[in-house]
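Hi,

Here is the structure I promised to pass on. Have a look at it first, and then read on for what turned up in it.

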Amino acid sequence: MESAPERGRGVHRRYPPIDGFWTWDIKRDRVYGDTNLSDYFGLTLEEFSHGASLERCMQSIEAEDRLRVHTAIRRAVKRRSSFREVYMVRSEKMGLRKILSVGQCYVDNLGEAALYPGWFVDLTREADSEEASLREIHSLIEQAKDISQSIGQDLLGYLLDNAQDEVQQRLGGGGSRRRKSS
C-alpha cells in the first residue's frame, strides 16, 4: 500500500480492492454487513442483515489480536476518529485470514458517536506471497554462497552470509548465526 501524493488538505492512501463492508450502529450496538463480512467472520448473512452485536463479531478475531482491536475501536469511538488495524480472523468458511480493517466514527447532531462504517481487505495472499519470496531468496543466497566459497571469494561469502541472516530474521527465524567479521 502506498500513500498518494499530498493534495489539498489531506493525504490519501491507496488500498487494494475491498473485500467487504460493514456499518456499526454504535448506539444500538448493531453491526450490519455484506455477504463477504459474513463469510470472513463466520456469522450468517441473516445475522448481519438484522444486526449482530459488536461482541459477537469480535469472537471471530484471533485471541491474541482481540484486545488490541477492541482497544483501537473504543479509542476511535471516544476520539470520534478513524480506525485502521491489521489482525487475524477465523471462520469455518474462510479459515484463518489476515485482514486490514479500516473504519471511521461519525457523530450525530449532538456530537455523540453514532455510526461507524468500514471495510476490510484480505491480506493473506500478500503475506503468503512475501513469505514464499523470502524463502526463495534464502535458497538462492545459499547457492550463491556455495559458488563464492568454491572460487575462493571469502569476502563475498561473508556478505552473502549476512544477507542470508537478514532474510532468516524477516522469516521469523531470528537468524541462527552471528555475523562474522572479515
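**Two residues with a positive phi**

Let me start with Arg80, which is partly exposed at a relative accessible area of 35%. Before going further, please keep in mind that this is a predicted model. Arg80 sits in the loop between α4 and β5, and its phi is near 55°, a positive value in a residue other than glycine. Most residues other than glycine have a negative phi.

Asp29 also has a positive phi, near 50°, and is likewise not a glycine. You will find Asp29 in the loop between β3 and β4. With 27% relative accessibility, Asp29 counts as partly exposed.

**The overall layout**

Now for the wider view. The protein has 182 residues, and buried ones make up 35% of them. There are 6 helices and 8 strands. Going along the sequence, the order is β-β-β-β-α-α-α-α-β-β-β-β-α-α. If you take the contacts with a separation of 6 or more, 42% of them are between residues 24 or more positions apart.

**Two hairpins**

The Asp29 loop belongs to a hairpin: β3 and β4 have 4 residues between them, and Asp29 is in the turn. The two strands run antiparallel and are joined by 4 bridges. Across this pairing, Trp22 stands opposite Gly33 in β4.

On the far side of the Arg80 loop comes β5. This strand forms a hairpin with β6, with 3 residues between the two. β5 (residues 82-91) and β6 (residues 95-104) pair in the antiparallel sense over 10 bridges. Ser82, for instance, is opposite Gln104 in β6.

Which side chains of β5 are buried, and which are not? They alternate along the strand. Phe83, Glu85, Tyr87, Val89 and Ser91 point to one face and are buried, while Ser82, Arg84, Val86, Met88 and Arg90 point to the other face and are not.

Ser91 is a good one to click on. This β5 residue is buried, with a relative accessible area of 8%. Setting aside neighbours within four places in sequence, Ser91 is in contact with Asp39, Tyr40, Phe41 and Gly42.

**Around Phe48 and Gly51**

Next, go to helix α2 (residues 45-50), where Phe48 has its place. Is Phe48 buried or exposed? Its relative accessible area is 1%, so it counts as buried. Not counting residues up to four places away in sequence, Phe48 touches Val31, Tyr32, Gly33, Leu37, Ser38, Phe41, Leu43 and Cys57. Gly33 is 15 residues from Phe48 along the chain, and their C-alpha atoms are separated by 5.1 Å.

Gly51 lies in the loop between α2 and α3. At 10% relative accessibility, this glycine counts as buried. Apart from its neighbours within four places in sequence, Gly51 is in contact with Arg30, Val31 and Tyr32. The C-alpha atoms of Gly51 and Trp24 are 8.3 Å apart, with these positions 27 residues apart along the chain counted as their separation.

**The cavity**

How many cavities of 30 Å³ or more does the structure hold? There is 1, and about 210 Å³ of space lies in it. Its lining is made of 15 residues, of which Trp22, Phe41, Leu54, Ile73 and Tyr87 lie nearest the centre. The elements that give two or more residues to this lining are β3 (20-25), α1 (35-41), α3 (54-58), α4 (63-79) and β5. The largest share, 3 residues, comes from α3. What kinds of residue make up the lining? It divides into 14 nonpolar, 1 polar and no charged.

Some of these names have come up already. Trp22 is the residue opposite Gly33 in the β3 and β4 pairing, Phe41 is one of the residues that Phe48 touches, and Tyr87 is on the buried face of β5.

**Helix α6**

Finally, have a look at α6, which covers residues 154-170. This helix has 17 residues and reaches 25 Å from its first C-alpha to its last, close to the 24 Å expected at 1.5 Å a residue. Its buried residues are Gly157, Leu160, Asp161, Asn162, Gln164, Asp165 and Val167. After α6 comes Gly172, which has a positive phi near 95°.

Happy to go through any of this with you.

Cheers

Key: Residues numbered from 1 in each chain as written. Predicted model: local features only at pLDDT ≥ 70, side-chain atom pairs only at ≥ 80, totals over all residues. Heavy atoms only, no water. Expected span 1.5 Å × (residues − 1). Buried < 20%, exposed > 50% of the residue type's maximum accessible area, 1.4 Å probe, protein only. Contact = heavy atoms within 4.5 Å. Pairing = 2+ DSSP bridges. 1 Å grid on protein atoms, 1.4 Å probe; cavity = no way out; pocket = protein on both sides within 12 Å on 5 of 7 lines; lining within 4 Å. Points joined across faces, edges and corners; volume = space filled by probe spheres on them. Nonpolar A, V, L, I, M, F, W, Y, C, P; charged D, E, K, R; others polar.
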